[in-house]
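Reader: I should be grateful for a close look at a single part of this structure. Please set out what forms it and how it relates to its surroundings.

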Amino acid sequence: ISVGYKVGFAVPRKDVAIELFERFKNIFISNKVRLVCGGHSSFLYGDLVILTTHQLYRYDHFFDLLVLDEVDAFPFKGNSVLISFFERSLKGHYVMMSATPDYKTLKDFKERGGKVLTLFSRFHKHQMPIPQVKIVNKFFMIPCLIKVLKSMLNNNKQVLIFTPTIDLCESTYFVLKLFIKQSGSFVHSKKEDREKVINNFKVKKYSYLVTTAVLERGVTIKDLQVIVFHAEHSLYDQYSLVQISGRVGRKKDAPEGEVVYIATTNTKSIESSIRDIETANKDLQNMF
């Protein structure tokens, strides 16, 4: 940026782009930082452009450096149109990042001549929390969820409750509000006031928030706790479970927290996600 190069930082999801913009504009205070995504496209050019991958079509051979984060996230992963937008927007170098790259992503990147760098450390150098797993009969799933949620809320910490589907997200919230005295809400990709609900949660108007995968990535909230409800669901692979677990302990002054999987049965994805986190923590110990 300091020598006049055009730099972009692209992510697949609008919510993440907005959060990154708020953080970057406070870091690069002497530069023009622009946000380009749905509803934010009045100013397309600046020293640093934070944008969604959908908006890359606006930039033809433009970026001297383009950082693409969350390469394995929907809707970018496997989307030939978005991949072509990315490739066309490049003028110079690029960096592709992911906390949970799969084997195919790494293989394809290496075949294009890319160099793979691995970093197991968060910026504050604390380990990720190891998820607790509660295997419960399907008839006792809701009572278990209520018990775990009440326990977390008694510690005066906010809680994200992840559900695999929109229907389950809504029905779970409407049950919880009958039993939980603290204020809460729900959010998913089809909720019209999604941004307002998320912002209200960030400023602590809600003690808990039931959500789908829309908050799986890019969320940084102090003292956040996480519950994955129906963690056995086929939509939760090991990578998504690791991403969800990574919502906890992201602040330097609050690096610890709880992650609880509530499931009707154990799965390979559950076991693999825990193993991945344990391996990352072990590698982190070896680094320092």
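**The second largest pocket and the adjoining topic of the core**

Author: Helices α1 (14–27) and α7 (238–245) each contribute at least two residues to the lining of the second largest pocket; helices (H or I, at least four residues) and strands (E, at least two) are DSSP runs numbered from the N terminus. The model is predicted, so local features need pLDDT of at least 70 and side-chain atom pairs pLDDT 80 or more, while totals for chains, interfaces and linings use all residues. Residues are numbered from 1 along each chain, and side-chain values use heavy atoms, without hydrogens or water.

The pocket (an open set of points on a 1 Å grid where a 1.4 Å probe fits, with protein on both sides within 12 Å along at least five of seven lines) has lining residues with an atom within 4 Å of a point. Its space is about 650 Å³, the volume filled by probe spheres set on the points. Of 28 lining residues, Arg 13, Phe 74, Ala 213, Val 214 and Glu 216 lie nearest the centre. The lining comprises 12 nonpolar, 6 polar and 10 charged residues.

Helix α7 also supplies at least two residues of the largest nonpolar core, as do β7 (159–162), α6 (194–202), β10 (225–229), β11 (259–263) and α8 (268–287). This core has 25 residues, buried (under 20% relative accessible area) and joined through side-chain atoms within 4.5 Å. Leu 215 is among the five members that touch the most others, with Leu 160, Val 226, Val 228 and Tyr 261. Beyond four places in sequence, Leu 215 contacts (heavy atoms within 4.5 Å) Leu 160, Phe 162, Val 187, Ile 198, Leu 209 and Arg 247.

Note on methods
Nonpolar A, V, L, I, M, F, W, Y, C, P; charged D, E, K, R; others polar. Buried < 20%, exposed > 50% of the residue type's maximum accessible area, 1.4 Å probe, protein only.
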